[in-house]
Amino acid sequence: MWGLLLALAAFAPAVGVGVGAPSTSVLGLAPPATTGAPISTPAPRSSPAQPPAEKNNGTSEQHVQFRIIKKKKIVMKKRKKLIRPRPLVTDRPPVTTSPAETLDLPEKQEPGCPPLGLESLRVTDNQLEASSSQSFGLGPHRGRLNIQSGLEDGDLYDGAWCAEEQDAEPWFQVDATHPTRFSGVITQGRNSIWRYDWVTSYKVQFSNDSRTWWGSRNRSSGMDAVFPANSDPETPVLNLLPEPQVARFIRLLPQTWLEGGTSCLRAEILACPVSGGQSDKAGWAGYNLHCECTLPHELNSPPDPNDLFPEAPALGSLDPLDFRHHNYKAMRKLMKQVNEQCPNITRVYSIGKSHQGLKLYVMEMSDQPGEHELGEPEVRYVAGMHGNEALGRELLLLLMQFLCREFLRGDPRVTRLLTETRIHLLPSMNPDGYETAFRRVGRLAQGPPCPFLPGARSLLGLNKPLPWQGSELVGWAEGRWNKQGIDLNHNFADLNTPLWEAEDDGLVPDTVPNHHLPLPAYYTLPNATVSILGAVAEATVGALVSVSRHSSPAPVQVAPETRAVIDWMERIPFVLSANLHGGELVVSYPFDMTRTPWAARELTPTPDDTVFRWLSTVYAGTNRVMQDPDRRPCHNQDFSLHGNVINGADWHTVPGSMNDFSYLHTNCFEVTVELSCDKFPHENELPQEWENNKDALLTYLEQVRMGIAGVVRDKDTELGIADAVIAVDGINHDVTTAWGGDYWRLLTPGDYMVTASAEGYHTVTRNCRVTFEEGPVPCNFRLTKTPKQRLRELLAAGAKVPPDLRRRLERLRGQKD
């Protein structure tokens with residue numbers, strides 16, 4: 001019996017499965033019903049130079065059977081009737097399969113080209129076309145990998161390209177604008193919390209003029225290749241072409257899609273340049289960074305002798321830095337190398353460990369590393385709070401290399417920055433989450449293969465494995481959380497609620513301070529928990545699905561990464577900070593939590609709203625992409641209408657955010673920078689991303705000089721007074737001095753009445769004027785002890801009370817009587 005079944009199984013046709021896709025097999029003896037376009041009739045194979053003149057889609061149908069053989073045991077189940085899923089994010093809809101021929105794909109698919117740029121927006125909306133669209137919000141410009149929809153279907157920002165239901169032969173087309181070597185396709189379904197739509201199989205065609213097309217064919221049969229696509233809306237599925245094709249246009253032709261749904265997809269195209277000209281090499285500087293290619297003779301000149309096509313966009317950087325993605329081991333090695341190259345201005349230290357025991361390394365950069373210099377402000381950058389948002393991590397690694405190199409070269413801007421500021425760079429707050437994402441996207445290769453020749457070698461002489469693949473297979477949320485499943489940006493203590501309740505009761509600032517709010521008692525316990533309900537309000541549609549599958553509204557523990565960062569904040573008197581994220585292009589500032597309970601979004605400014613708007617505008621105004629007037633929105637909001645800055649709570653409420661906690665528990669003013677539409681850009685895009693953000697990173701650090709600074713001293717001893725309170729008239733938020741008595745108060749230009757006070761001292765008030773000139777305005781204070789404080793000190797020292805002080809005390813007692 002078993003022999004007969006195995007013999008029957010051996011003759012059953014097989015279907016190729018793309019990398020990252022769940023199996024397209026169905027448990028049953030017959031395939032389930034599918035909805036799809038007719039499959040084209042096989043045609044003789046043609047070369048790209050002379051594509052066959054044929055219709056885009058022919059008509060014929062095929063039916064195949066599927067099998068699963070598991071450990072030499074055939075698993076057979078009765079076929080279940082497919083039911084249209086309900087629009088709930090917790091439902092798992094049925095999966096239909098593509099009635100495709102056997103597809104001759106490599107056993108292990110590894111992309112040989114970087115993405116063309118649909119996700120990163122290098123491909124413009126004008127380069128995307130489709131046979132039809134259900135609405136403008138479902139047009140071809142929305143067919144970008146990982147694009148996120150709004151919370152309402154039918155608006156201008158839906159989550160995919162979707163063809164009209166009556167479109168029997170749908171197609172989605174990309175114009176590369178110049179001859180390009182296409183090597184693969186990555187697809188997703190529609191991003192929506194209300195509907196399930198995805199393509200289950202598709203064909204691929206190419207053209208040089210958008211009129212004559214030829215298809216991708218199986219190597220063995222010569223028939224049109226039908227590629228297996230998606231079985232859920234969010235998991236990216238990679239399919240490599242049996243043979244790469246050189247063309248200007250590429251077209252995806254959905255063949256089947258989820259029953260009861262429509263033909264909807266999001267895509268990224270893997271493509272390499274083919275020109276051997278200098279302009280093209282410059283245009284792909286990031287890609288060519290890790291491979292040095294000698295192109296064949298026929299490709300040494302551009303394949304477009306009449307110059308009919310525009311050149312590829314210029315990408316890259318002239319800075320000789322390490323433009324690679326770095327896992328934990330590589331990151332640690334690079335930080336050590338920077339420290340060895342610049343030992344006099346750098347120090348590497350750890351602030352704690354992740355849940356899995358990975359150290360949270362910080363690079364300190366200053367002319368006196370390891371010590372707080374009186375009057376020198378402390379600034380920090382934090383990246384990798386969400387492990388899959390990798391661009392911030394790489395930017396900080398690039399920044400430390402750049403500062404080291406430019407300091408050695410004597411660059412005056414960098415030299416001043418390092419001699420007047422103490423900089424701390426934490427590239428990975430969530431190393432566990434990053435390793436999860438990195439294992440998904442990073443393969444080790446000897447550099448990316450050259451377009452036509454094997455054996456590429458690194459221009460940097462790094463003839464060793466390099467992780468170079470980008471985020472195309474990660475999806476939108478994988479690696480976001482730490483290993484415990486905790487979103488670290490909702491894991492800090494909620495200090496907003498007790499402050500606002502005290503304000504409503506009229507207790508601020510006399511009874512309850514408006515600054516340095518203490519940690520709640522429950523939060524200091526070893527098994528402390530916090531609520532994650534706010535995470536749902538923050539999450540995009542793609543993350544909502546992941547939150548519903550991986551999390552619950554029950555409280556979660558305080559993560560070890562969070563505790564480590566809090567201890568770090570309390571040890572060092574930080575003045576300014578930025579939290580680097582990814583997935584959007586905007587700078588958000590506190591408060592991140594709405595004041596009205598359960599409000600999803602609401603403008604909730606801090607008392608220092610003008611300062612935060614200034615800081616946010618400085619970064620947004622010096623970021624190249626944010627200042628591009630022609631750029632399109634990343635997902636479903638156009639932040640350029642408001643200068644690319646937004647109040648965090650007015651975007652989406654985030655209880656327990658690091659920004660709010662930093663402002664209310666310490667002196668530090670912190671904003672969130674969303675660096676790129678692509679959370680995990682491909683390695684060839686890192687040079688351009690560095691150029692987009694380099695000046696913004698430096699200019700933001702320099703803003704620590706904005707406002708007033710000084711030292712609060714004891715008038716008699718000239719010693720600094722620690723924990724003195726600096727209050728600015730009209731701003732209901734104070735700061736305190738560090739242990740040496742020095743302080744920094746960020747303020748925008750204007751005249752301010754500033755008061756310094758300390759326990760046991762008379763308060764002193766003075767006028768301080770902040771100008772537009774660079775550098776903090778000196779505003780020092782000398783405080784005199786009160787008689788009561790003098791008496792305490794004398795009695796504590798065992799001295800007798802002086803006669804004049806005794807008489808004054810007796811008069812004071814008499815007045816009270």
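Here are legends for four close-up views of this predicted model.

**View 1. The whole chain, before zooming in.** This chain packs in 17 helices and 31 strands. Of its 817 residues, 57% are buried. Look at contacts between residues at least 6 apart in sequence, and 79% of them join residues at least 24 apart. Searching the whole structure turns up five disulfides, and three of them get their own view below. As a reminder, a disulfide is a covalent bond between the sulfur atoms of two cysteines.

**View 2. Cys 113 meets Cys 272.** The two sulfurs in this disulfide sit 1.8 Å apart. Cys 113 comes from the loop between β3 (73-74) and β4 (128-130), while Cys 272 belongs to strand β11 (residues 264-273), so the bond ties together parts 159 residues apart in sequence. Twist about the S-S bond is about -115°, which makes this disulfide left-handed. Both Cys 113 and Cys 272 are buried.

**View 3. Cys 162 meets Cys 264.** Here the S to S distance is 1.9 Å. Cys 162 is in strand β5 (residues 161-162) and Cys 264 is in strand β11, so this pair ties together parts 102 residues apart in sequence. With 120° about the S-S bond, the link is right-handed. Cys 162 is buried at 0% relative accessible area, and Cys 264 is buried at 0% too.

**View 4. Cys 342 meets Cys 404.** These sulfur atoms are 1.8 Å apart. Cys 342 lies in the loop between α4 (328-341) and β12 (346-353), and Cys 404 lies in helix α5 (residues 391-409), 62 residues away in sequence. The S-S torsion is about 85°, so this disulfide is right-handed. Cys 342 is buried, with 2% relative accessible area; Cys 404 is buried, with 0%.

Methods. Residues are numbered from 1 along each chain as its sequence is written. This is a predicted model: local features need pLDDT of at least 70, side-chain atom pairs count only at pLDDT 80 or more; totals for chains, interfaces and linings use all residues. Side-chain values use heavy atoms; hydrogens and water are left out. Helices (H or I, at least four residues) and strands (E, at least two) are DSSP runs, numbered from the N terminus. Buried means under 20% relative accessible area, exposed over 50%, partly exposed in between (1.4 Å probe, protein chains only). Contact means heavy atoms within 4.5 Å. A disulfide is a pair of cysteine sulfur atoms within 2.5 Å.
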